[in-house]
Amino acid sequence: MKNQKLTQAKINAYDEFYTQRKTIEKELKYYTEQFRNKVIYLNCDNPLKSKFWQYFYDNFHNFKLKELISSHYCENGSFSMSYDGDFEKVKSLKNGSFNDIECFELLERADIVITNPPFSKFREFLRVLLVMNKDFLILGQVNMLSTKETFKHYKMGLFKLGYNFNLNTPFDTPFKKEVAMGGICWMTTLKMQEDIKEINFIEYDEQRYRKYDNYDAININSIREIPKDYKGKMGVPITYLKYHNPREYKIVGADFELIDEHRFILDGKRMYMRVVIEKIC
Ligand SMILES: C[S@@+](CC[C@H](N)C(=O)[O-])C[C@H]1O[C@@H](n2cnc3c(N)ncnc32)[C@H](O)[C@@H]1O
């Protein structure tokens, strides 16, 4: 029993990071036109606490929303709340889990899912949205992209990375203490303004770039070091994904997809995750 409680506490502590209003405003301001006449579903949000709920409730008429729905997880009984601009409706739910049948019914009604889901269940959460073919804008961590399934979905173009990427972001916690977390990013299927940054700055120099011991590609440590005239494979940090231009570069794969050892080795040293790219033209 004691152990069970401890495990539960550990799981919850990893998931209980509440998004602050300024984090929400900083990203959502780019998509407000796309919210018009839409049913927005916050499926990991207690409306009595969530800043996502607060943000959409305050802007309901401004954004011309059709409906706002929110549900949240509580093992021993939960509730959903919906708002149509005039009235709020509350309905009790068995547990409010995003993958429970009652929440699937709410999901079916929704046009766009927006939330910060539990980090520990991220893969399952994303799978549900993709299977249900829903538009979404969700907050996560860059390292969530380093799992095989999520990276595969990104590579297939099923979602993009939002405007704010790889940030050090403050969250509220149940302990009333603000905690900052690194590598925070948004993932979305919503339309984005094309925001391709010029990243080709320098020329290839054979002396400067080294090939991995266990894969035929040169190593690049920072985005600015990508040589504009190199035609072979290059291993770049995951932060490259924010700047990826599919018309200019092809994503060959992530290190864990390409070699059995999972990570590239350079001069005997194991590297951090690398994504392999190749120039198209
Ligand atoms: C990272 S927190 C973010 C909460 C809120 N969305 C926000 O942005 O402030 C994720 C929340 O999901 C809840 N959660 C855990 N398992 C869940 C599930 N199966 N379904 C829905 N929510 C869940 C956690 O209790 C936690 O409150």
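In the predicted model, Lys211 and Asp216 form a salt bridge in which the closest N and O atoms are 2.7 Å apart. With a relative accessibility of 44%, Lys211 is classed as partly exposed, because this value falls between the 20% limit for buried residues and the 50% limit for exposed ones. A search of the whole structure identifies twelve salt bridges, the pair of Lys211 and Asp216 being one of these ion pairs.

A salt bridge also joins Lys250 to Glu278, with 3.7 Å between the closest N and O atoms. This pair connects distant parts of the chain: Lys250 belongs to strand S13 (residues 249-254), Glu278 belongs to strand S16 (residues 274-279), and the two residues are 28 residues apart. The relative accessible area of Lys250 is 44%, and the residue is therefore counted as partly exposed.

The side chains of Asp255 and Arg263 likewise meet in a salt bridge, with an N to O distance of 2.9 Å. Both Asp255 and Arg263 are buried. Elsewhere, Arg21, Glu25 and Asp58 are connected in a network of salt bridges.

The ligand occupies the largest pocket of the protein. It is surrounded by 18 residues, of which the closest are Asp15, Glu16, Thr19, Ser97 and Lys121. Lys121 contributes a polar side-chain atom that lies 2.7 Å from a nitrogen atom of the ligand. Backbone atoms take part in contacts with the ligand as well: a backbone N or O atom of Cys44 is found 2.9 Å from a ligand nitrogen atom, and a polar backbone atom of Asn116 is 3.1 Å from a nitrogen atom of the ligand. On its own, the ligand has 580 Å² of accessible area, and the protein covers 92% of that area.

Asn116, whose backbone approaches a ligand nitrogen to 3.1 Å, is located in the loop between strand S6 (112-115) and helix H5 (122-131). The relative accessibility of Asn116 is 9%, which is under the 20% cut-off, so the residue counts as buried. In sequence, Asn116 is separated from Leu42 by 74 residues, yet in space the C-alpha atoms of Asn116 and Leu42 are 8.7 Å apart.

Two loop residues were examined for their backbone geometry. For Lys64, phi is near 55°, a positive value in a residue other than glycine. Lys64 is placed in the loop between helix H3 (51-58) and strand S3 (67-71). Its relative accessible area of 47% lies below the 50% limit for exposed residues, and Lys64 is therefore classed as partly exposed.

A positive phi is likewise found for His262, a residue other than glycine, where the angle is near 80°. The loop that contains His262 runs between helix H7 (255-258) and strand S14 (265-266). At 36% relative accessibility, His262 is counted as partly exposed. Helix H7 spans residues 255-258, and Asp255, the partner of Arg263 in a salt bridge, is buried.

Definitions and conventions
Residues are numbered from 1 along each chain as its sequence is written. This is a predicted model: local features need pLDDT of at least 70, side-chain atom pairs count only at pLDDT 80 or more; totals for chains, interfaces and linings use all residues. Side-chain values use heavy atoms; hydrogens and water are left out. A salt bridge is a side-chain nitrogen of Lys or Arg within 4 Å of a carboxyl oxygen of Asp or Glu. Buried means under 20% relative accessible area, exposed over 50%, partly exposed in between (1.4 Å probe, protein chains only). Helices (H or I, at least four residues) and strands (E, at least two) are DSSP runs, numbered from the N terminus. A residue is near a molecule or strand if one of its heavy atoms lies within 4 Å of it. A polar contact is a pair of N or O atoms within 3.5 Å; within protein, one must be able to donate a hydrogen and the other to accept it, and residues adjacent in sequence count only if both atoms are side-chain atoms. Accessible areas come from the Shrake-Rupley method with a 1.4 Å probe; for residues, only the protein chains shown count as cover. On a 1 Å grid over the protein atoms alone, a cavity is a set of points where a 1.4 Å probe fits but cannot get out, and a pocket is an open set with protein on both sides within 12 Å along at least five of seven lines; lining residues have an atom within 4 Å of a point. A molecule sits in a cavity or pocket if more than half of its atoms lie within 2 Å of its grid points.
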